[in-house]
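Please open the structure in a viewer and keep the selection panel at hand. The tour proceeds by selections, each followed by a description of what is found there.

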Amino acid sequence: MTMPKTVPVSVDAMLEDLRTLVEIESPSRDLDALSASAKIVAAVIESRLGGQAELIETEAGPHVHWSAGGDPKVLILGHHDTVFPLGTLERRPFRVEDGHATGPGVFDMLGGLVQAIHGLAALEDRSGVEILVTADEEVGSHSSRALIEERALACGAVLVFEGAADGGALKTGRKGCGTFQVSIAGRASHAGLEPEAGVNALIEASHQVLDIAALGRPEIGTTVTPTVASAGTLDNVVPAEATLIVDVRVESADEKERVESAFAALSPHLDGASIAVQGAVGRPPMPESASASLFAVAKRLLPQLEGKAVGGGSDGNFTAALGVPTLDGLGAVGGGAHADHEYLVVDAMAERAHLVTGLVTAIQNA
C-alpha cells in the first residue's frame, strides 16, 4: 500500500487556517472564548469541506460536529480548547520562522485539526467521515465523553489528532490517568499558647504524602505523584485544614482498581484528624492492542513511521476502552505542549495531511 494519489495540499493554506485558529484564543472553561472558537472551527471546516457543522452547546462550551453523510466509518477526533489564558497571544503571537510555527495551541492541538481538515479536503469521496472537535479535553472531557463514545461506536474507527510523539511517532498506547484530591481536617489552636490542643492538618498531610507516593509502581508503569499541597492560615495557628492534589497514571485496568481502592482506604495517622478523598482514574488506559490494526495501515502508507506508548491521556483513551480501533498522535509534528516554547514543524504538515487521506481511504475501502 502506498499513499493514494490525491489533490496536493497547500501548506500556505494550512498555515492560513492555523493562524485563524490560533488567533481566536480558547482557554478551557472560558465559555465566551470557546463559543467564538467553536464558530471559527466550524467555519474552517465548512470552507474546506462543505456541508454544515453543528455546534453542540454544553456547560463546558460548544463542541463542533461535522458529518459527510453516508454510513459512519471513521471519526476524526480533536479538541479546540487550550491550556493558555486569554492574553497569551499578545505575549506570544502566531509566527512562522525558521521552519517552525509558534503560538498558543499550535501543537496541542490546533495544528492537528488543520492537517486533518486539509487531508480530508484532498479526498474526492468523504462519505462515512465524521469530525468531532470538543471544548473540554484539557479539563477532563466531562461534558463530551458520552458524545465521543457514541460517535466512536457508531463509526467503528477513530483517528485522534493530538500532537505526535517525539520525532513524529504516532501514539499507539496511552496510560490511564486521573487526579485525586485528599482533604484533611484537623483542629485549630494557638501555635504558641496551646499547640497540643490542636490537630495539625499539615502534619497529617505530610504523613499522607508519604503513604500516597508509596502507591506508585513505576516498574509496571504506575506513577502516583503528589503535585499540589496547601495548608494553614496564619503563622501562629495550628492548621485545621490541608489539601493534597495527586496525579495518577496507570497502564492496566488492574492497576486502576488497585490505586483507586488504596485512595479510598487512606486513614489518618493523628488522633482527631479525618480524611476525605475525591477523584478517580477518569481516563482508562489505551492498550497498544487498540491501535494495532490502524497503525499497521499507517506503516504501509509511511514505512518510516514509528509508534510509541506515552504517559499522557487523550480522548482516545475513552474510545479505545470501548474496543473501537483507535490511533492517536496523528496531529502536528513538533513539541512543547502546554509550554511557552510550543512549536509545529512546518515541513511535516503536508505529509501528515496526506497520511490522513491515506488512512481514511483505507478505512472506507476495508
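Begin with helix α5, residues 145–155, in this predicted model. The buried residues of α5 pack against five strands and one helix: β1 (54–56), β2 (63–67), β3 (74–79), β6 (129–134), β7 (158–160) and α9 (316–321). To see which side chains are concerned, select L147, I148, E149, R151, A152 and C155, the buried residues of α5. The set includes E149 and R151, which count as charged. Then step to G156, which follows α5 and has a positive phi, near 90°.

Next, select helix α8, residues 292–301, and display L294, F295, V297, A298 and L301, which are its buried residues. On which side of α8 do they lie? They are on the same side, because they cover an arc of only 155° around the axis. Extending the selection to their packing partners brings in β7, β8, β13 (307–310), β14 (326–327) and α10 (349–365). Strand β7 also packs against the buried residues of α5.

From β14, move into the loop that leads to β15 (334–335) and select D328. Is D328 buried or exposed? D328 counts as buried because its relative accessibility is 0%, and the cut-off for buried is under 20%. Beyond its neighbours within four places in sequence, D328 is in contact with V160, E162, L170, K171, R174, M286 and S314.

Now turn to the open space. The largest pocket has a volume of about 810 Å³. It is lined by 30 residues, of which E137, E138, C177, R283 and G313 are the closest to its centre. To colour the lining by element, select α4 (106–121), β8 (170–174), β9 (176–185), β11 (241–250) and β12 (274–283), each of which supplies at least two residues. Colouring the lining by class instead gives eight nonpolar, twelve polar and ten charged residues.

The last stop is the second largest pocket, with about 190 Å³ of space. Among its 15 lining residues, select G232, T233, A240, E241 and A242, the closest to its centre. Strands β9, β10 (223–231) and β11 each supply at least two residues of this lining; β9 and β11 do so for the largest pocket as well. By class, the lining of the second largest pocket comprises nine nonpolar, five polar and one charged residues.

Methods: Residues are numbered from 1 along each chain as its sequence is written. This is a predicted model: local features need pLDDT of at least 70, side-chain atom pairs count only at pLDDT 80 or more; totals for chains, interfaces and linings use all residues. Side-chain values use heavy atoms; hydrogens and water are left out. Buried means under 20% relative accessible area, exposed over 50%, partly exposed in between (1.4 Å probe, protein chains only). Helices (H or I, at least four residues) and strands (E, at least two) are DSSP runs, numbered from the N terminus. Contact means heavy atoms within 4.5 Å. On a 1 Å grid over the protein atoms alone, a cavity is a set of points where a 1.4 Å probe fits but cannot get out, and a pocket is an open set with protein on both sides within 12 Å along at least five of seven lines; lining residues have an atom within 4 Å of a point. Grid points are joined across faces, edges and corners, and a volume is the space filled by probe spheres set on the points. The arc is that of the directions from the helix axis to the C-beta atoms.
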